[in-house]
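Here's a set of exercises to work through with the model open in your viewer. Try each task before reading its solution.

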Amino acid sequence: MSTTDEVEIAAQQFNGYEFQGRVLRVNSGPEPSKREISPVRGRSRPVGSSSNSTNRVYVGNLAWGVDNLALETLFSEQGKVREARVVYDRESGRSKGFGFVTLSSPDEVNNAIESLDGIDLNGRSIRVSPAESRPPRGPY
């Protein structure tokens with residue numbers, strides 16, 4: 001999107017929309033600062049020397065049949081996989097359609113993003129991007 005108005009309209013229009021049997025969750029986030037925009041395909045990167053210190057990537061739009069081993073196998077072509085994990089719903093046991101892969105180095109993370117973002121895995125075009133750190137959960 002080129003403007004914040006377009007982002008808001010798209011979020012309102014497509015949040016809750018069903019696509020290929022899955023309900024989309026669409027929301028907007030804060031606008032990235034100029035320093036966070038990567039020259040490679042306009043993707044946001046963490047500010048700093050290389051990449052996320054944990055060397056994790058987010059993998060989205062996964063087919064229901066993709067499991068931890070399938071992720072590990074795919075990403076092992078890009079470097080040493082320390083962890084590959086698909087996220088599952090606790091109640092139903094069904095995949096939530098995304099996961100995380102931890103690699104050994106920032107270079108491996110960058111290579112994985114460049115090589116695997118948009119490829120077809122089990123009939124779906126996967127999304128691969130740097131994993132955002134989540135603040136620790138506090139007591140509720």
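**Exercise 1.** Work out whether Asn61 is buried or exposed, then look at its backbone.

*Solution.* Keep in mind that this is a predicted model. Start with the relative accessible area of Asn61, which comes to 19%. The cut-off for buried is under 20%, so Asn61 counts as buried. Next, place it on the chain: Asn61 sits in the loop that runs between E3 and H2. Last, check the backbone: phi is positive at about 65°, although Asn61 is not a glycine.

Now look for a positive phi at Asn122. Its value is about 55°, and Asn122 isn't a glycine either. Asn122 belongs to the loop between strand E6 (120–121) and strand E7 (124–125).

**Exercise 2.** Lay out the secondary structure: how many helices and strands does the protein chain have, and in what pattern?

*Solution.* Count the elements and you get 3 helices and 8 strands. Then read along the sequence, and the pattern comes out as α-β-β-β-α-β-β-α-β-β-β. While you're scanning the chain, note that 31% of its 140 residues count as buried.

**Exercise 3.** Find out which parts of the chain build the largest nonpolar core.

*Solution.* First, the general background: in soluble globular proteins, nonpolar side chains tend to be buried together. The largest nonpolar core here has 20 residues. Pick out the members that touch the most others, and you land on Val57, Val59, Leu62, Leu71, Phe75, Val101 and Val128. Now sort by element: E3, helix H2 (68–75), strand E4 (81–88), E5 and helix H3 (106–116) each bring at least two residues to this core. H3 is the top contributor, with 4 residues.

**Exercise 4.** Track down the aromatic pairs around Phe100 and say what geometry they have.

*Solution.* The structure has 3 aromatic pairs in total. Take Tyr58 and Phe100: their ring centres are 5.9 Å apart and the planes make an angle of 65°. Edge-to-face needs planes over 60 degrees apart, so this pair is edge-to-face. Tyr58 is part of strand E3 (residues 56–60) and Phe100 part of strand E5 (residues 95–103), so the contact ties together parts 42 residues apart in sequence.

How accessible are the two partners? Tyr58 is partly exposed at 22% relative accessible area, while Phe100 counts as buried at 16%. Phe100 also pairs with Phe98: the centres are 6.0 Å apart and the planes stand at 90°, so this one is edge-to-face too. Put the contacts together and Tyr58, Phe98 and Phe100 form a cluster linked by ring pairs.

**Exercise 5.** Which arginines lie over aromatic rings, and at what distance from the ring centre?

*Solution.* Stay with Phe100 to begin with: Arg56 lies over its face, 4.4 Å from the ring centre. Then move to Trp64, where the charged end of Arg94 sits over the ring, 4.0 Å from its centre.

**Exercise 6.** Search the whole structure for salt bridges and describe what turns up.

*Solution.* As a reminder, side chains of opposite charge can pair when their charged atoms come close. The search gives 1 salt bridge. It joins Arg85 to Glu83, with 3.8 Å between the closest N and O atoms. That passes the cut-off of within 4 Å. Arg85 is in strand E4. Both partners are partly exposed: Arg85 has 32% relative accessibility and Glu83 has 37%.

Now measure out from Arg85 along the backbone trace. Leu69 is 16 residues away in sequence, yet the C-alpha atoms are 8.4 Å apart. Try Thr73 and Ala84 as well: they are 11 residues apart along the chain, with 9.1 Å between C-alpha atoms. Thr73 is in helix H2 and, at 48% relative accessibility, is partly exposed.

**Exercise 7.** Which residues make up a nonpolar patch on the surface?

*Solution.* Look for Phe14, Tyr17, Phe19 and Leu24, which make a patch of about 360 Å². Then check one member more carefully: Phe19 falls in strand E1 (residues 18–19). At 42% relative accessibility, Phe19 counts as partly exposed, and that clears the over 30% needed for patch residues.

Key. Residues are numbered from 1 along each chain as its sequence is written. This is a predicted model: local features need pLDDT of at least 70, side-chain atom pairs count only at pLDDT 80 or more; totals for chains, interfaces and linings use all residues. Side-chain values use heavy atoms; hydrogens and water are left out. Patches are made of residues with over 30% relative accessible area and no salt bridge: like charges are joined within 9 Å, nonpolar side chains (Val, Leu, Ile, Met, Phe, Trp, Tyr) within 5 Å. Accessible areas come from the Shrake-Rupley method with a 1.4 Å probe; for residues, only the protein chains shown count as cover. A salt bridge is a side-chain nitrogen of Lys or Arg within 4 Å of a carboxyl oxygen of Asp or Glu. Buried means under 20% relative accessible area, exposed over 50%, partly exposed in between (1.4 Å probe, protein chains only). Rings of Phe, Tyr and Trp (its six-membered ring) pair if their centres lie within 6.5 Å; planes under 30 degrees apart count as stacked, over 60 as edge-to-face and the rest as tilted. A charge sits over a ring if NZ of Lys or CZ of Arg is within 6 Å of the ring centre and within 35 degrees of the ring normal. A nonpolar core is a set of buried Ala, Val, Leu, Ile, Met, Phe, Trp, Tyr and Cys residues joined through side-chain atoms within 4.5 Å.
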